[in-house]
Amino acid sequence: MNSASSPYRVIAVCTGNICRSPMAELMLRAALEREGLDRMVAVDSAGTTGYEAGRPIDPRAARKLAVAHLASELHIAREWIPDWFRERDLILALDVDHYAWLSEAAPDRESLEKIRMLRSFDPKVAGRDMLDQGIEDPWYGGQADFDTVWRQISGALPGIVDHIRAAVLRGSELQPQES
């Protein structure tokens, strides 16, 4: 449960945490800032594997983010830690394999209910099969693949922001009011 002293916590998860999930993290942070929710929400990212742990963001992802004036040079890839199931309020899987991995690793029903496909918030694909909601790994492609990832994440951002706004407001209604 989040409160004034504990922000609503969101994490984006992909495979290595150098392409898709850091793009989602930085794009969501910017969207929350534009909506005035940045002080109530903490956003981060991780990978399901440690293959890239300690490495910077992929240069092609950094280039795409830089065009939108989103700084990514401080990003350092890291691997998912099981404690985050308890500590995060919303867990955004970037593709079906991440969703499956997180679902299998979830320690309980409460944790499982926090996991969502990132693009399940995009009205264009929300009602479709999970396979249609995935964001393919651009690492194997070129800059155009990172442009596609940008568009796919962008399509989901309004829905994610609305979801977070509702959760933050619901959380503040549950907090005791000062007199």
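What percentage of the 179 residues of the chain count as buried? The worked exercises below take up this point and several others.

The model is a predicted one, in which local features need pLDDT of at least 70, side-chain atom pairs count only at pLDDT 80 or more, and totals for chains, interfaces and linings use all residues. Residues are numbered from 1 along each chain as its sequence is written, and side-chain values use heavy atoms, with hydrogens and water left out.

**Exercise 1. Determine the buried share of the chain and describe its surface and dimensions.**

Step 1. Buried denotes under 20% relative accessible area, exposed over 50%, and partly exposed the range in between (1.4 Å probe, protein chains only). By this criterion, 47% of the 179 residues are buried.

Step 2. The accessible surface of the chain is about 9,600 Å², and carbon and sulfur atoms account for 51% of that area. Such areas come from the Shrake-Rupley method with a 1.4 Å probe; for residues, only the protein chains shown count as cover.

Step 3. Along the principal axes, the C-alpha atoms fill a box of roughly 55 × 35 × 35 Å.

**Exercise 2. State the order of the secondary structure elements and assess the compactness of the chain.**

Step 1. Helices (H or I, at least four residues) and strands (E, at least two) are DSSP runs, numbered from the N terminus. The chain contains seven helices and four strands.

Step 2. Their order along the sequence is β-α-β-α-α-β-α-α-β-α-α. The radius of gyration is 16 Å, close to the 16 Å given by the globule rule for 179 residues, so the chain is as compact as a globular protein of that length. The radius is taken over C-alpha atoms, and the rule is 2.2 Å times the number of residues to the power 0.38.

Step 3. Contact means heavy atoms within 4.5 Å. Among contacts between residues at least 6 apart in sequence, 74% join residues at least 24 apart.

**Exercise 3. Trace the pairing of the strands and the burial of their residues.**

Step 1. Two strands pair if DSSP finds at least two bridges between them. Strand β1 (8-14) runs parallel to β2 (residues 41-47), to which seven bridges join it. Tyr8 stands opposite Val41 in β2, and Val10 stands opposite Val43.

Step 2. Four bridges join β1 to β3, again in parallel; here the partner of Ile11 is Ile91.

Step 3. Strand β3 (residues 90-93) is joined in parallel to β4 (residues 115-117) by three bridges. In β4, Met117 is the bridge partner of Ala93.

Step 4. Six of the seven residues of β1 are buried, so β1 is largely enclosed by the rest of the structure. Strand β2 is mostly covered, with six of its seven residues buried. In β3, Leu90 and Leu92 point one way and Ile91 and Ala93 the other, and all are buried. In a regular strand the side chains alternate between the two faces of the sheet.

**Exercise 4. Characterise Asn17, His69 and Leu74 by location and accessibility.**

Step 1. Asn17 lies in the loop between β1 and α1 (20-34). Although not a glycine, Asn17 has a positive phi of about 65°; its relative accessibility is 0%, which counts as buried.

Step 2. His69 lies in the loop between α2 (59-67) and α3 (84-87). His69 is likewise not a glycine, yet has a positive phi of about 60°. With a relative accessible area of 74%, His69 is exposed.

Step 3. Leu74 is found in the loop between α2 and α3 and is exposed at 77% relative accessibility. The C-alpha atoms of Leu74 and Met117 are separated by 26 Å, the two residues being 43 apart along the chain.
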